[in-house]
Amino acid sequence: MVDRRNRPTALATTPGLPPQPQVNFSHENSRVTAVLPAGESVEVLLYGATVISWKNRFGIEKLWLSDAAKLDGSKAVRGGIPLVFPVFGTAPDHAATSKLPQHGFARNSRWEFLGKSSSESASPSDISVKLDFGLSSATLDDQVKSLWPYTFSIIYSVTLTPENLSTSIVVTNDGNQPIEFQTLMHTYLRVEDISKIQVTGLEESDYVDKVDAAKEKKQSGAVTIAGEVDRVYSPAKGPSSPVVVTEDGETVFSIVRDNLKDVVVWNPWTDKAAGMGDFEPKDGFKNMICIEAGSVKGWITLDPSDAFEGAQTISD
Ligand code: TA6
């Protein structure tokens, strides 16, 4: 918990230095916002370390956030970039995580703000800022700890540059027994019109179709959305090969990954949107697509003292 004594102030401006990123807390220290000199911004809720806003220098919002999203810590945020850990979905057959809620506990835990760092650059176009957040077995809610009694620490970093937004996770096993986990960045991208969207970069990739009895299929051509889509892809190309979202043929997002081998594509469409109380407006599915970088097929095994690192970079 960042108390007022240690509350970071806005980065001081030193005479002669070009304008620096501004980092400020708000909403009773429950949110931290970083703004670059040219105007790009990112806002993170300490609850879940959930990115709830990413705007370009013109103030255009790049992420979709439900009008009914709970931002008071009462439940996981519907929109932005919720963090999935240590389980994707639910895993009733996996003893270690079978008692955990859907998508695990990271997205509905209170994280600590660990600090900020910015690039040392004279050129405004090179200025970036990194915000670090922490969650560990020492800070985890006791009730959750009783369901998942492992000794661990996570550093989750959000990095904003004039060109992109990156999120990265480092999980360390601080205990004396192996930890099995899954992790995913559940990114809700904002689009103008889902009917004009194509997702490329997943051609010839195997995927599990969760809206067709979890059948194993292979992607042919671009992904288009004309109904509920819920697919777990194993991209045929490597993580550094971008998954690209185009709208009317124009690239609107490009996502590359580091050590996150899977990509989930999700759009709830009409019925699922209607069934989620915190999904508003109900036709909001027309303005969002989830492209989720993760490692969710099978389990990552972390031996004592080992660390896992995974990251995504979203360019707009
Ligand atoms: O990532 C897709 C998915 O697993 C869908 O199956 C759907 O459940 C979505 O996540 C949202 O899950 P949530 O627990 O946030 O309602």
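Modeller: A polar contact is a pair of N or O atoms within 3.5 Å; within protein, one atom must be able to donate a hydrogen and the other to accept it, and residues adjacent in sequence count only if both atoms are side-chain atoms. The model here is predicted, so local features need pLDDT of at least 70 and side-chain atom pairs count only at pLDDT 80 or more, while totals for chains, interfaces and linings use all residues. Residues are numbered from 1 along each chain as its sequence is written, and side-chain values use heavy atoms, with hydrogens and water left out.

Biologist: What makes histidine 103 and the ligand a polar contact?

Modeller: An N or O atom in the histidine 103 side chain is 3.1 Å from a ligand oxygen. That is within 3.5 Å, so the pair counts. Arginine 78 has a polar side-chain atom 2.9 Å from an oxygen of the ligand, and for aspartate 230 the distance is 2.6 Å; these pairs pass as well. The protein buries 84% of the 390 Å² that the ligand exposes when taken alone, an area from the Shrake-Rupley method with a 1.4 Å probe.

Biologist: Which residues are around the ligand?

Modeller: Among them are Phe88, Gln102, Lys210, Trp266 and Glu292. Each qualifies because one of its heavy atoms lies within 4 Å of the ligand.

Biologist: Why is the space taken by the ligand called a pocket?

Modeller: The search uses a 1 Å grid over the protein atoms alone, and a pocket is an open set of points with protein on both sides within 12 Å along at least five of seven lines. A molecule sits in one if more than half of its atoms lie within 2 Å of its grid points. The ligand takes the space of the largest pocket.

Biologist: Now the sheets. What makes β15 a strand?

Modeller: Strands are DSSP runs of E, at least two residues, and helices are runs of H or I, at least four, both numbered from the N terminus. β15 covers 223-224, so this run meets the strand rule.

Biologist: How do you know that β12 and β17 pair?

Modeller: Pairing takes at least two bridges found by DSSP. β12 (197-200) and β17 (243-247) have 4 bridges in the antiparallel sense, so they pass. One bridge couples valine 199 with valine 245. Both strands belong to an open antiparallel sheet of 9 strands, ordered β6-β7-β8-β9-β21-β18-β17-β12-β15, in which β6 (112-118) and β15 each pair on one side only.

Biologist: Why are β1 and β4 edges in the sheet of 4 strands?

Modeller: That open sheet runs β1-β2-β3-β4 with antiparallel pairing. β1 (22-26) and β4 (50-55) each have a single partner strand, so one side of each lacks a neighbour in the sheet. β1 is joined to β2 (31-35) by 5 bridges, and asparagine 24 has threonine 33 as its bridge partner.

Biologist: What makes β13 a partner of both β14 and β16?

Modeller: β13 (206-209) shares 4 antiparallel bridges with β14 (215-218) and 4 with β16 (229-234), so the bridge rule is met each time. Aspartate 206 stands opposite lysine 218, while valine 208 is the bridge partner of valine 232. In the hairpin of β13 and β14, alanine 213 has a positive phi near 55°.

Biologist: Where are the cis peptide bonds?

Modeller: One joins phenylalanine 85 and proline 86, with omega about 0°; proline 86 is in the loop between β5 (83-84) and β6. Another joins glutamate 280 and proline 281, with omega about -5°, and proline 281 is in the loop between α2 (269-275) and β20 (288-302).

Terms used. 1 Å grid on protein atoms, 1.4 Å probe; cavity = no way out; pocket = protein on both sides within 12 Å on 5 of 7 lines; lining within 4 Å.
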